[in-house]
Each structure stands twice: as C-alpha cells, then as structure tokens.
Amino acid sequence: MEIVNLGKDNSIFNQFISEIRNIDIQNDRMRFRRNCERMGEIIAYEISKTFDYKSTPVTTPLGTAKMELLSEQPVLSTILRAGLPLHQGLLNYFDNADNALVSAYRKHRKDGSFIIEAEYMASPSLENRIVILSDPMLASGASIVEIYKLLIQKGKPKKMHIVALIASKEGVEYVEKNLPENITLWVGAIDDELTAQSYIVPGLGDAGDLAFGSKE
C-alpha cells in the first residue's frame, strides 16, 4: 500500500489541520466543516495528478485549444455522517463524479469492545472504476476495512484511494495488513497514540459531533 502524508511537507494544508485540532477554533461548526471541505479540495487536486487524461479540443471565441482532460470521473464514497464535509470538498473538484454513500456506526458490546455495523448503502456499480473512499478520522482502521468489504460487493474497482485527515499509526498498520496492496492511502497527519476506546491522541475529538452537533 502506498501512503501519501500531505502534512509532512510545509503548505497551507497544515494550517487547516491545525484549526480542526485547535480547541479554541474547532467549536465553530461552520469553520470546522469548511476546513474539512477545503482539505478535501486540496486532496482531490493531488489525487487528480494520478489519473489518466486525454487530449480534447475546446472551442474558444477565437479558435480551438487542445486540452488534456480527465478520461473518466471517479466514484466518491464516504461514511455518514462525519465524512460529509470532506466528501463535499472532493465533490467540489470531481463535480461530475458518481457517489456511493454508506451509513455505519460502532455497535458496542457489554465488555466495551465494538463492531462496525453498516445499515445503508447507495452505490453505482464499482466494477473497473476508480473509487475514492473518505473518512476524516482513521482510528483503529476497522471502519475502513469493513466499508471496503461492503463496497466491493458492487464490483471490483480498478483503483481505490482512501482519504483520511488524521490517522493513528495503529490504524494505518491495520489497513496495510487487511487491504489490498494496490490501494493508495492519503492522510493529512499520522498520530502515534490510540486509546482503548479507539480515539486518536492528540487527534481532534469526535469529527461528527464537531461538524454537526452532539448525538444521543
């Protein structure tokens, strides 16, 4: 698995990462959502460099220009609800993309452990498509692996990209071990610690609650 850590290089991307982490800034919900969206746009631009392009004539008022344009649009997938702002950023750039939306949550057991329960999926065929699966937090890695297994029931993608803004080192190792090698993982930062409750430290807290409010 190829891992691209965009936060390793100095860029404005890290300003947005710092703001979604910052306890004094992150509670502005609109700003939190917009920062996730902006990072989705940056990552979409970087991923677009890996796609195939074809020479296409474009008619201007004064003639014809030959432009290298995308050969195909990807399928964008995310996990409701926390993934929506990041997904929107990707969709802002791949604006003709098909979409695959999945509902999933942690179903806790009495012993404190949990499983990932998926309740809903709306998806086109993924056979021989480029798929971009996004989730703002890659904690234990269990959600991404389970959603991957669910998605490939709709067909085998020719290429999959996984996008996470903040990942844990343990989560990265888990997806490396449990997903195919031809997947590219795009992250904004990799943190060392994961708590027993599968929260990333220092992380940022609960991305879904920060974006949309607390839940019962």
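In this predicted model, the second largest pocket encloses about 160 Å³ of space. Its lining is made up of Glu2, Val4, Thr50, Phe51, Asp52, Glu72, Ile130, Lys158, Lys159, His161, Thr184 and Trp186. The elements that contribute two or more residues to this lining are β1, β9 and β10. These strands are also connected through the pairing of their backbones, as described below for β10 and β9 in turn.

Strand β10 (184–191) pairs with two of the strands that line the pocket. On the one hand, β1 (2–5) is joined to β10 by four bridges, the two strands running parallel, and within this pairing glutamate 2 stands opposite threonine 184; both Glu2 and Thr184 are among the residues that line the second largest pocket. On the other hand, seven bridges join β10 to β9, again in the parallel sense, with alanine 167 having isoleucine 190 of β10 as its bridge partner. Strand β10 is mostly covered, seven of its eight residues being buried.

Strand β9 (159–168) is likewise mostly covered, with nine of its ten residues buried. In addition to its pairing with β10, strand β9 is joined by five bridges to strand β7 (residues 130–134), which runs parallel to it, and in that pairing valine 131 stands opposite methionine 160 of β9. Strand β8 (137–138) also pairs with β9 in the parallel sense, over two bridges, methionine 137 standing opposite isoleucine 166 of β9. The connections between these paired strands pass over helices: β8, α4 and β9 make a right-handed β-α-β unit, and a right-handed β-α-β unit is also made by β9, α5 and β10.

The helix of the latter unit, α5 (residues 169–178), has Gly171, Val172 and Val175 as buried residues. Seen down the axis of α5, these buried residues fall within an arc of 100°, and they therefore line one face of the helix. The cover over them includes β1, β8, α4 (142–151), β9 and β10, so that, with contact taken as heavy atoms within 4.5 Å, the elements touching the buried residues of α5 include both strands of its own β-α-β unit, β9 and β10.

A comparable arrangement is found in helix α1 (residues 13–21), where the buried residues are Phe13, Phe16, Ile17, Glu19 and Ile20. Around the helix axis they cover an arc of only 165°, which puts them on the same side of α1. The elements that cover these residues include α2 (29–48), β9 and β10. Strands β9 and β10 thus appear in the cover of the buried residues of α1 as well as in that of the buried residues of α5.

Valine 75, located in strand β4 (residues 75–80), counts as buried because its relative accessibility is 0%, the cut-off for a buried residue being under 20%. Setting aside residues up to four places away in sequence, valine 75 touches Asp98, Asn99, Ala100, Pro124, Leu126, Arg129, Ile130, Val131 and Ile132. Among these contacts, Ile130 also lines the second largest pocket, and Val131 is the residue that stands opposite methionine 160 in β9. Valine 75 and asparagine 96, which are 21 residues apart in sequence, lie 9.3 Å apart in space, C-alpha to C-alpha.

Methods: Residues are numbered from 1 along each chain as its sequence is written. This is a predicted model: local features need pLDDT of at least 70, side-chain atom pairs count only at pLDDT 80 or more; totals for chains, interfaces and linings use all residues. Side-chain values use heavy atoms; hydrogens and water are left out. Buried means under 20% relative accessible area, exposed over 50%, partly exposed in between (1.4 Å probe, protein chains only). The arc is that of the directions from the helix axis to the C-beta atoms. Two strands pair if DSSP finds at least two bridges between them. A crossover is right-handed if, with the strands pointing away from the viewer, the path from the first strand over the helix to the second runs clockwise. On a 1 Å grid over the protein atoms alone, a cavity is a set of points where a 1.4 Å probe fits but cannot get out, and a pocket is an open set with protein on both sides within 12 Å along at least five of seven lines; lining residues have an atom within 4 Å of a point. Grid points are joined across faces, edges and corners, and a volume is the space filled by probe spheres set on the points.
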